Amino acid sequence: MIPLNWVVGLAAALFGIGVVGVLVRKNPLIMFMAAEMMWNAAALVFVAFARSFHAMSGQVMAFIIIGTAAAEVGIGLAIIVSVFHHRHRLDIDEVSRLKG
Amino acid sequence: MSSALWPEYLVVIGVMVTMLTVIFSQKSGIGAYFVALAALIASGIVSIVEWSSPNLPVFLFDHGVMVDAFSLVVNGLVLLAAAGALLIGWNDRRYGSDFPVLVLLALLGMMVLGLADNFIALFIGIELLSLPLYILAASRGTQVSGEAGLKYLLLGAFSSGILLFGLALLYGASGTMVISHLVPSHLVLPLAAGGLGLTLVGLVFKLGIVPFHMWVPDVYEGSPLPVTSYMAFGTKVGAAAILMRFLFFGFSLSSGWWGPAVGYLAVLTMIVGNLLALAQKDLKRLLAYSGIANAGYLLVGIASHNIQGARALLFYLLAYGLAVLAVFAIMTFVAQDRDSVSVNDLTGLYRRSPWLAGFLAIALLSLAGIPLTGGFVGKVYLLQAAWFANQPGLALGLVVGAMIGLAAYVRPLQRAFSAPDGAVLEPIPWPWAGSIVLIVAVIGTIGLGVYPTPIVHIVNQSAAFYWLH
């Protein structure tokens with residue numbers, strides 16, 4: 001059996017990669033993927049702790065996270081495609097008509 | 001099925017019937033709007049009936065949700081926000097025929113946030129609120145609208161990720177999903193501290209508090225007007241409600257862990273938000289920075305961590321929401337078929353329509369906190385809460401922020417009451433649906449300022465949730 005700490009450590013690494021990905025990359029698709037990676041890191045932590053507590057609630061949460069992530073991908077890809085239609089390039093630095 | 005959840009069930013039924021009406025009606029069908037409005041009114045009536053029911057609070061789904069006086073007041077506030085957005089965008093083909101369906105879906109998310117008592121309900125509420133709003137922000141189909149949708153989506157997904165990881169760490173530290181069962185003294189410390197920090201950052205991101213506010217002005221400016229009004233009022237109610245539940249129920253005994261952080265964020269937000277509002281030329285952007293500053297005022301209610309704070313926060317949400325609805329109704333009248341209104345577009349408004357100029361003055365002065373308006377009474381209650389909590393710094397920040405804010409709100413008013421430079425300007429038509437919102441919002445703003453007693457009574461009863469856990 002894999003020790004709990006290793007799993008949580010792996011999830012923390014995934015979460016960190018996701019955060020860096022959102023902050024550093026410029027392609028909205030990659031940024032979106034990195035954000036989804038953060039969600040999956042959280043799902044992994046929930047499953048790991050649920051197993052160590054012998055409780056079901058964490059597993060339920062993981063399923064709900066996966067389902068919501070699927071819904072969010074559907075909406076997200078639609079929005080990204082519609083933005084792409086307007087400019088035929090995907091670079092978040094060029095999506096800057098609105099500036100504050 | 002439990003009878004306590006009927007307001008939410010009615011919204012679910014409303015979503016389905018509205019969707020079917022959109023599918024089966026002709027292109028110019030207005031039926032969906034009426035169905036959605038009927039669902040809102042029915043849900044509101046059931047919430048009012050439930051208010052006097054003796055068996056509150058009700059715990060359902062193994063402490064998944066709880067219905068109490070607090071959740072019913074949140075229901076009332078978000079129903080008001082949804083009705084306002086629906087009427088401001090009434091039968092406007094530009095936003096697509098799905099507009100009423102998506103407004104109802106986001107409303108359901110906000111209602112769930114008022115009820116949530118465990119992490120699952122919290123997460124579902126946040127996502128149910130956000131996902132329809134991503135679509136609504138991009139629904140205009142123009143370049144700017146798509147950009148607003150994209151930015152909202154990316155930052156929303158990012159902040160939800162932070163929130164989820166924080167909740168996962170809290171679950172690991174406590175072994176429970178239920179917010180009111182978290183016992184701070186039994187938590188595993190490093191995990192719990194990290195979890196609380198990340199969860200707070202995630203929630204504060206949704207509320208638009210200063211270090212995490214970058215997305216607010218862009219998203220507000222790019223979104224269609226009714227959607228922006230919905231974000232400015234409804235989203236703030238939902239995020240403030242869940243933040244209050246989470247901190248007051250889960251961590252009420254260890255307020256030293258979060259109180260100072262929330263207090264500093266509140267002061268920073270009030271001052272920076274109002275300062276940035278000073279420089280804005282676009283009215284929607286000005287309202288966005290005003291929304292940031294007002295989120296800071298709301299945080300004062302949370303940071304003071306007493307029953308006066310909970311009460312003042314709920315009262316201020318209503319006062320702020322009514323003023324925002326009035327300003328957005330006026331902006332749609334002035335904008336007509338455009339998407340945005342600059343401060344200069346208001347020039348000579350008192351000549352074109354004296355009533356509109358007067359109502360704009362009332363709404364903006366309420367946001368600024370001038371006596372005889374709801375905003376003033378709300379700010380007084382917040383000051384009182386900070387005072388009772390023995391935190392003069394918060395009170396000082398609120399006063400300084402409000403002073404700076406006054407200068408920002410006076411500028412559009414000065415344009416509205418200055419002489420028009422061109423020839424005679426045409427008068428402004430009043431669409432009936434928007435007029436209802438405007439008149440109700442203005443009467444409410446003045447009413448709250450002159451005779452706040454009935455609302456204070458309701459809010460007092462609702463804030464008693466703070467002792468009942």
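In the predicted model, Arg415(B) is placed in helix H16 of chain B. This arginine is partly exposed, because 17 other C-beta atoms lie within 10 Å, whereas a residue counts as buried if 20 or more do so and as exposed if 12 or fewer do. When residues up to four places away in sequence are left aside, Arg415(B) touches Val343(B), Asn344(B), Leu346(B) and Thr347(B). In addition, the C-alpha atom of Arg415(B) is separated by 6.9 Å from that of Gly348(B), although these two residues are 67 residues apart along the chain.

The helix that holds Arg415(B) comprises residues 392-416 of chain B, and its 25 residues, at 1.5 Å a residue, should span 36 Å; the end C-alpha atoms are 37 Å apart, so the expected and the computed span agree. H16(B) nevertheless contains a kink of about 25°, which lies at Val410(B), shortly before the proline Pro412(B). Pro412(B) itself belongs to the buried residues of H16(B), which also include Leu394(B), Gly397(B), Leu398(B), Tyr409(B) and Ala416(B). The cover over the buried residues of this helix includes helices H10 (259-278), H11 (283-304), H13 (349-352), H14 (354-368) and H15 (374-388) of chain B.

Chain A has three helices and zero strands, and from the N terminus on its elements therefore follow the order α-α-α. Of its 100 residues, 34% count as buried, and residues 24 or more positions apart account for 44% of the contacts in chain A with a separation of 6 or more.

The contact between the two chains takes 35 residues from chain A and 33 residues from chain B. On the side of chain B that touches chain A, helix H5 (119-137), helix H6 (143-174) and helix H8 (215-222) each supply at least two residues, and the largest share, 18 residues, comes from H6(B). By class, this side of chain B has 22 nonpolar, seven polar and four charged residues.

The largest nonpolar core has 223 residues, of which Ala42(A), Val45(A), Val103(B), Phe165(B), Ala326(B) and Val327(B) touch the most other members. Its largest share, 21 residues, comes from helix H12 (residues 307-335) of chain B. Val45(A), one of the residues that touch the most other members of the core, is in contact with Val8(A) and Ala11(A) in chain A as well as with Phe165(B), Ala168(B), Leu169(B) and Gly172(B) in chain B, not counting residues up to four places away in sequence.

Definitions and conventions. Residues are numbered from 1 along each chain as its sequence is written. Chains are lettered from A and ligands numbered from 1 in the order in which they are written. This is a predicted model: local features need pLDDT of at least 70, side-chain atom pairs count only at pLDDT 80 or more; totals for chains, interfaces and linings use all residues. Two residues are in contact if their C-beta atoms, placed from the backbone, lie within 7 Å. Helices (H or I, at least four residues) and strands (E, at least two) are DSSP runs, numbered from the N terminus. Ala, Val, Leu, Ile, Met, Phe, Trp, Tyr, Cys and Pro count as nonpolar, Asp, Glu, Lys and Arg as charged, and the others, Gly among them, as polar. The expected span of a helix is 1.5 Å times one less than its number of residues. The bend at a residue is the angle between axes fitted to the seven residues ending there and the seven starting there. A nonpolar core is a set of buried Ala, Val, Leu, Ile, Met, Phe, Trp, Tyr and Cys residues joined through C-beta atoms within 7 Å.
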